[in-house]
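The following exercises concern backbone geometry, solvent accessibility and strand pairing. Each task is followed by a worked solution.

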Amino acid sequence: MKYEIRKVDKEKGIICITTTDERYYQHGETFVPSSTWIADHYPKGIAFYKWLADKGWNEAESLKSAAGNKGSRVHHAIEMLLKGEELKFDDVLPDEKEEQKELTVEEWECIMSFKAWHDEAKPKVLLVERSAINFEYCYGGTIDLVCEIDGQVYVVDFKTSANIWKSHELQISSYARLLPFIDETTALDARLVKTAILQLGYGRNKKGFKFTEIDDKFELFLHAKAIWAEENADKQPAQRLYPLTIKL
């Protein structure tokens, strides 16, 4: 069953409308697809299809849902930390469906690894969790973090996955092109800004995190957007009305 979440950025007048299989950003009467949705149209590659064949469709969808919920709680927790709040192990945070649940041990380890990275990198935070729309190329996205490290400005995306997929690289490359449409970052030269993915709860080294700079893949993102447009021509967000009560 499809579900819908509306996240409102009152300051910018942006509404993020999410269902299980599509996401739009809205500004006034304008609807644009999210960069995540577009990037997912990039060919997955043989490794993905081998994984899918091994797991089967139902298990793969279950794993995807669980990963989404984990990522949502970790993102929410990091946002709280960056705003100066204190987290407790038994705090209750919203998942992808806005359902409140306690943090798991795995999620707590991701949050610990973020603190370890923060202690090491000592980033100067410029922006946290900001939604924006690129009106030139007609897509929207939510940037996790814009920060300065040793004089270099980075657009950083948080991931709780063990691998960085090509779609992740396209996604973060598209986020850099959102900066000219955000008041606090319009003065930044996007050509000089670097992009990076911060993997949290990373089990392949002792630090528990991995910070990877990503080469610009915006041209590939635009190719994926062309595929998205072909597959979703004239598509609009699903909106349905349901009665509050039913009686025979």
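**Exercise 1.** Locate Cys138 relative to the strands and classify its exposure.

*Solution.* In this predicted model, Cys138 lies in the loop between S7 and strand S8 (139-149). Its backbone has a positive phi of about 60°, although Cys138 is not a glycine. For the exposure, the relative accessible area of Cys138 is 37%. Buried requires under 20% and exposed over 50%; therefore Cys138 is partly exposed.

**Exercise 2.** Determine in which strand Glu129 is found, and whether Glu129 counts as buried, partly exposed or exposed.

*Solution.* Glu129 belongs to strand S7, which covers residues 124-134. Here too the residue is not a glycine, yet phi is positive, at about 45°. The relative accessibility of Glu129 is 24%. Because this value falls between the cut-offs of 20% and 50%, Glu129 counts as partly exposed.

**Exercise 3.** State the strand order of the open sheet that contains S7, and identify its edge strands.

*Solution.* The sheet has five strands in the order S7-S8-S9-S10-S11, and the pairing is mixed. An edge strand pairs on one side only, and this holds for S7 and for strand S11 (209-214). From one strand to the next, the twist averages 30°.

**Exercise 4.** How many bridges join S10 to S11, and which residue of S11 is the bridge partner of Ile197?

*Solution.* Strand S10 spans residues 194-200 and is joined to S11 by six bridges. The two strands run antiparallel. The partner of Ile197 in S11 is Thr212.

Notes
Residues numbered from 1 in each chain as written. Predicted model: local features only at pLDDT ≥ 70, side-chain atom pairs only at ≥ 80, totals over all residues. Heavy atoms only, no water. Helix = DSSP H or I, 4+ residues; strand = E, 2+ residues; numbered from the N terminus. Buried < 20%, exposed > 50% of the residue type's maximum accessible area, 1.4 Å probe, protein only. Pairing = 2+ DSSP bridges. Axes fitted to C-alpha atoms, helices over the stretch in contact; angles between N-to-C directions.
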